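Please look over the sequence and the model below. A short report follows, for a reader who is new to them.

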Amino acid sequence: MVFLPSMKYVEDIDIKRLAVKLRPSGERMVKKGHPWIFEDSIVKQNIKGRAGDLVIVYDTKKNSFLACGLYDPYSPIRIKLMQFKKTAQINEAWFSTKINDAFQIRKPLLETDTNSYRLLFGENDNLPGFIADVYDHVLVIKLYSHIWFPYLNWILPNLIAVTGCSTVVLRLSRLLQSKGETYGLKDGSIIYGDLEKEVVVFKEHGVLFSANVIKGHKTGYFLDHRHNRKKVGELAKDKRVLDVFSYAGGFSVHALKGGAKEVISLDISKHALEMAKENAKLNNHDGKHQIIVADAFEGLQKFIDEQKRFDIVVIDPPSFAKRENEVSRAKKSYARLAGLGAGLVSSNGVLVLASCSSRVVAEDFFEISEEQISNSGRAFEIIDKTYHDIDHPIGFPEGAYLKCGYYKLI
């Protein structure tokens, strides 16, 4: 292991090896390469496990290796799998290979005028519950499971070597902050290098943004919509644009940079809209930028009542269905937004509808959107349908959450 003088190392944590066997339904999912084993799928376990213990899953009939992963006593997903079919030593070299494999996938993005990207996307990069985002020279790691504390001393030097980052910030999920041992590490800890300012300026396709890497949501920004923001910017020249659920103004700023003559950013959070204003100021543009603090549904209806029209309307809400029992209501919300949006798009304008709810599959989302546009009395053409950007690869069904439709309304 390479020793980095300014890195905050975790104390050595003793790791045990567990052997488990599963119910037939659980075995079938593992054989398909699914990374989650729920507690009720385990029928045999040789010893009690602790967070981060290495688990070997054996075929019940053949007693042969199926997969290995890490034990999580704090989650109903009791085992998070990392290695399938072939046995492997889970050591520093194994993590180095996974990190380098992930970096190779992202390399084409880094050949553009972009210095912000997601290097590790949890399960989709075979590292469940581990997120690593880069903002210029700052690497932000967010952990969603206690399983990773025993392995940070192996992982961090490899992440630093691959990214070339001079600073590493650690973010912890609410679960990690409220349960279990965190070995002296806290949310927002600087675990490598120095951080001059908690707000870091970065580029995506030549457009400047900022992320608060200490206090910001997730790791500080939402990188997954990068390609959609770029596309909206390319459509925006001389257009009037409405950006709904704008948050920190991702679509708004790309539209302004792309030559939009007027952009309205609408969000219920005044703080988020202030960030949108600051992000817009980071870039040279000639367009008018207005922010409106309002509930999205109420704000859209008010614009309709005022008979406002826009050349481009972007509606990108937060997840409406974090649990299965929320799916039906989420679909109704998506339908309502599509109908409201269709009422605000000028002739030959573009309606952009997005969803980040993994429980609402893309096929259903697009069907709902198109049905509601038709119900509004507008004819339309499908311009494009997009999914995840290159730094958000999909490795299992639940990993696919982002979908975005572009509709030209006649």
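## A buried alanine

Ala-321 sits in the loop between strand E17 (310–315) and H9. This is a predicted model. The relative accessibility of Ala-321 is 3%, so Ala-321 counts as buried, the cut-off for buried being under 20%.

What does Ala-321 touch beyond its neighbours within four places in sequence? The contacts are Glu-326, Val-327, Ala-330, Ser-357, Arg-359 and Val-360. One of these partners, Ser-357, is 36 residues from Ala-321 in sequence. In space, the C-alpha atoms of Ala-321 and Ser-357 are 5.7 Å apart.

## Helices H8 and H9

Helix H8 covers residues 296–305, and helix H9 covers residues 327–342. Their axes come within 10 Å. They cross at roughly 25 degrees. H8 is therefore roughly parallel to H9, since angles under 35 degrees count as roughly parallel. The crossing of H8 and H9 is left-handed.

Which residues of H8 meet H9? They are Phe-297, Leu-300, Gln-301 and Ile-304. On the H9 side, the partners are Ser-333, Arg-336, Leu-337 and Leu-340. Sorted by class, the contact of H8 with H9 has five nonpolar, two polar and one charged residues.

## Helices H9 and H10

H9 also packs against H10, with axes that come within 8 Å. Here the crossing angle is roughly 40 degrees. That angle makes H9 and H10 oblique to each other. H9 passes H10 in a right-handed crossing.

From H9, the contact takes in Lys-331, Tyr-334, Ala-335, Ala-338, Gly-339 and Ala-342. From H10, it takes in Asp-364, Phe-365, Ile-368, Ser-369, Gln-372 and Ile-373. The residues of the contact of H9 with H10 divide into seven nonpolar, three polar and two charged.

## The loop before H10

Val-361 lies in the loop between strand E18 (345–355) and helix H10 (362–375). Is Val-361 buried or exposed? Neither label fits, because its relative accessibility is 42%, and Val-361 counts as partly exposed.

Val-361 and Arg-28 are 333 residues apart in sequence. Their C-alpha atoms are 22 Å apart in space.

## Helices H2 and H3

Another helix pair is H2 (residues 92–110) and H3 (residues 152–163). The axes of H2 and H3 come within 9 Å. They cross at roughly 35 degrees, and the crossing is right-handed.

H2 brings Glu-92, Phe-95, Ser-96, Ile-99, Asn-100 and Phe-103 to the contact. H3 brings Trp-154, Ile-155, Asn-158, Leu-159 and Val-162. By class, the contact of H2 with H3 has seven nonpolar, three polar and one charged residues.

## Two nonpolar cores

In soluble globular proteins, nonpolar side chains tend to be buried together. In this model, the largest nonpolar core has 45 residues. Which of its members touch the most others? They are Leu-119, Leu-120, Phe-130, Ile-141, Leu-143, Trp-148 and Leu-159.

Leu-159 belongs to H3 and takes part in the contact with H2. Leaving out residues up to four places away in sequence, Leu-159 touches Ile-99, Leu-119, Leu-120, Phe-130, Leu-139 and Ile-141. A second core, separate from this one, has 34 residues. Its members include Phe-297, Ala-330, Leu-351 and Ile-368. Among these, Phe-297 is in the contact of H8 with H9, and Ile-368 is in the contact of H9 with H10. Ala-330 is one of the residues that Ala-321 touches.

## Two residues with positive phi

Tyr-183 has a positive phi of about 55 degrees, although Tyr-183 is not a glycine. Its place is the loop between helix H4 (174–178) and strand E11 (189–192). Tyr-183 has a relative accessible area of 26%, so Tyr-183 is partly exposed.

Lys-218 has a positive phi too, near 55 degrees, and is a residue other than glycine. Lys-218 is found in the loop between strand E13 (207–212) and helix H5 (226–235). With a relative accessible area of 34%, Lys-218 is partly exposed.

## A buried arginine

Arg-171 is in strand E10 (residues 167–172). Its relative accessibility is 5%, so Arg-171 counts as buried. Arg-171 and Asp-187 are 16 residues apart along the chain. Their C-alpha atoms are separated by 4.6 Å.

Methods. Residues numbered from 1 in each chain as written. Predicted model: local features only at pLDDT ≥ 70, side-chain atom pairs only at ≥ 80, totals over all residues. Heavy atoms only, no water. Axes fitted to C-alpha atoms, helices over the stretch in contact; angles between N-to-C directions. Helix = DSSP H or I, 4+ residues; strand = E, 2+ residues; numbered from the N terminus. Left-handed = near helix turned anticlockwise from the far one by under 90°. Contact = heavy atoms within 4.5 Å. Nonpolar A, V, L, I, M, F, W, Y, C, P; charged D, E, K, R; others polar. Parallel < 35°, antiparallel > 145°, perpendicular 65-115°, else oblique. Core = buried A, V, L, I, M, F, W, Y, C linked by side-chain atoms within 4.5 Å. Buried < 20%, exposed > 50% of the residue type's maximum accessible area, 1.4 Å probe, protein only.
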